[in-house]
Amino acid sequence: DKEEARHLFSDLDWPGAVQECCQAIEYLRGEGCSKVVAFGSCMGGALALAAGQHCNLDGAVSFYGTPSRRLAQPEHVKIPVQIHVGELDKHVGFSDLATVDRWISDLHSAGGSGVMYVYEACGHAFLNSGDLAVELRKNIGHPEPTKAVQELAWERALEFIRSI
């Protein structure tokens, strides 16, 4: 629920989580993976972008999540990124449209490569599907996305990964 999510988010050792991402990426490299892309939603999206600065990645995809500037700075991200955001996302300072737009603008201003997709009439967690996702969105007052929007977001993310 909302309170448990807030607790987990607030208590996460963010730098430690990024280090664990880097360790996982190095493990994959050691196993012969020639391309490693981080993909995440919400907290995972923020971690994917932070790993883009601090780890040996080829790309990063974030759905509705950006890292704090204490954890990662977009001007230091040198890999291609793709960020997806719902225009109605109300998580100010984390995944709202203005925050994501500022993050991608700072990335571009520093010469970085990234694209941001905005999904109309969508809020936070619009990619999630299934009965539980529908119930959670309803409980927190987020609009229900169309299947077409979810499919488009998946297509864009997978095409981005294939293109790297």
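**Figure 1. Overview of the predicted model.** Buried residues make up 41% of the 164 residues in this protein, which is shown here as a predicted model. Six helices and four strands build the fold, and reading along the sequence gives the pattern α-α-β-α-β-β-α-β-α-α. The C-alpha trace spans about 40 × 35 × 35 Å along its principal axes. The radius of gyration is 15 Å, which agrees with the value near 15 Å that a compact globule of 164 residues would have. Among contacts with a separation of 6 or more, 57% join residues 24 or more positions apart. The protein exposes about 8800 Å², with carbon and sulfur atoms supplying 54% of that area.

**Figure 2. The largest nonpolar core and its best-connected members.** Here we step inside the protein. In soluble globular proteins, nonpolar side chains tend to be buried together. The largest nonpolar core holds 28 residues, of which Val18, Leu57, Val81 and Trp103 touch the most other members. At least two core residues come from each of helix 2 (14-30), helix 3 (43-54), strand 3 (81-86) and helix 4 (97-109). Helix 3 gives the most, with six residues. Which residues does Val81 touch, not counting those up to four places away in sequence? Val81 touches Leu49, Ala60, Trp103, Ile104, Leu107, Ser113, Gly114, Val115 and Phe160. Apart from the largest core lies another one, of twelve residues, among them Val61, Tyr64, Ala125 and Phe126.

**Figure 3. A cluster of aromatic rings.** A pair of aromatic rings is described by the distance of the centres and the angle of the planes. The structure holds six aromatic pairs. One of them is formed by Tyr119 and Phe126, whose ring centres are 4.8 Å apart; their planes meet at 40°, so the pair is tilted. Both partners are hidden from the surface: Tyr119 is buried at a relative accessible area of 3%, and Phe126 is buried at 1%. Looking beyond this pair, ring pairs link Phe39, Phe63, Tyr64, Tyr119, Phe126 and Trp154 into a cluster.

**Figure 4. Tyr64, a cluster member with a positive phi.** This view stays with one ring from the previous figure. Tyr64 sits in the loop between strand 2 (59-63) and strand 3. Is Tyr64 buried or exposed? With a relative accessible area of 1%, Tyr64 is buried. Its backbone deserves a look too: most residues other than glycine have a negative phi, whereas phi of Tyr64 is near 45°, a positive value.

**Figure 5. The disulfide of Cys22 and Cys55.** The count comes to one disulfide. Its partners are Cys22 and Cys55, with sulfur atoms 2.0 Å apart. The angle about the S-S bond is -80°, and the link is left-handed. Cys22 belongs to helix 2 and Cys55 to the loop between helix 3 and strand 2, so the disulfide ties together parts that are 33 residues apart in sequence. Cys22 counts as buried at 11% relative accessibility, and Cys55 is buried at 12%.

**Figure 6. Two cysteines without a disulfide partner.** Cys21 is in no disulfide; the nearest cysteine sulfur, that of Cys55, is 6.0 Å away. Cys21 is partly exposed, with a relative accessible area of 24%. Why does Cys42 not bond to the closest cysteine sulfur? That sulfur belongs to Cys21 and lies 14 Å from the sulfur of Cys42, which is too far for a bond. Cys42 is partly exposed as well, at a relative accessible area of 26%. Its place is in the loop between strand 1 (37-41) and helix 3. Phi of Cys42 is near 60°, a positive value in a residue other than glycine.

**Figure 7. Pro145 in the loop between two helices.** Our last stop is the loop between helix 5 (131-140) and helix 6 (147-163), where Pro145 is found. Pro145 is buried, with a relative accessible area of 11%. Leaving aside residues up to four places away in sequence, Pro145 touches Cys122, Phe126, Arg137 and Gln150. One of these, Phe126, also takes part in the ring cluster. Val134 is eleven residues from Pro145 along the chain, and the C-alpha atoms of the two are separated by 9.3 Å.

Definitions and conventions
Residues numbered from 1 in each chain as written. Predicted model: local features only at pLDDT ≥ 70, side-chain atom pairs only at ≥ 80, totals over all residues. Heavy atoms only, no water. Phe/Tyr/Trp six-rings, centres within 6.5 Å; stacked < 30°, edge-to-face > 60°. Buried < 20%, exposed > 50% of the residue type's maximum accessible area, 1.4 Å probe, protein only. Core = buried A, V, L, I, M, F, W, Y, C linked by side-chain atoms within 4.5 Å. Contact = heavy atoms within 4.5 Å. Disulfide = S-S within 2.5 Å. Rg over C-alpha atoms; globule rule 2.2 N^0.38 Å. Areas by Shrake-Rupley, 256 points an atom, 1.4 Å probe, with all protein chains shown as cover.
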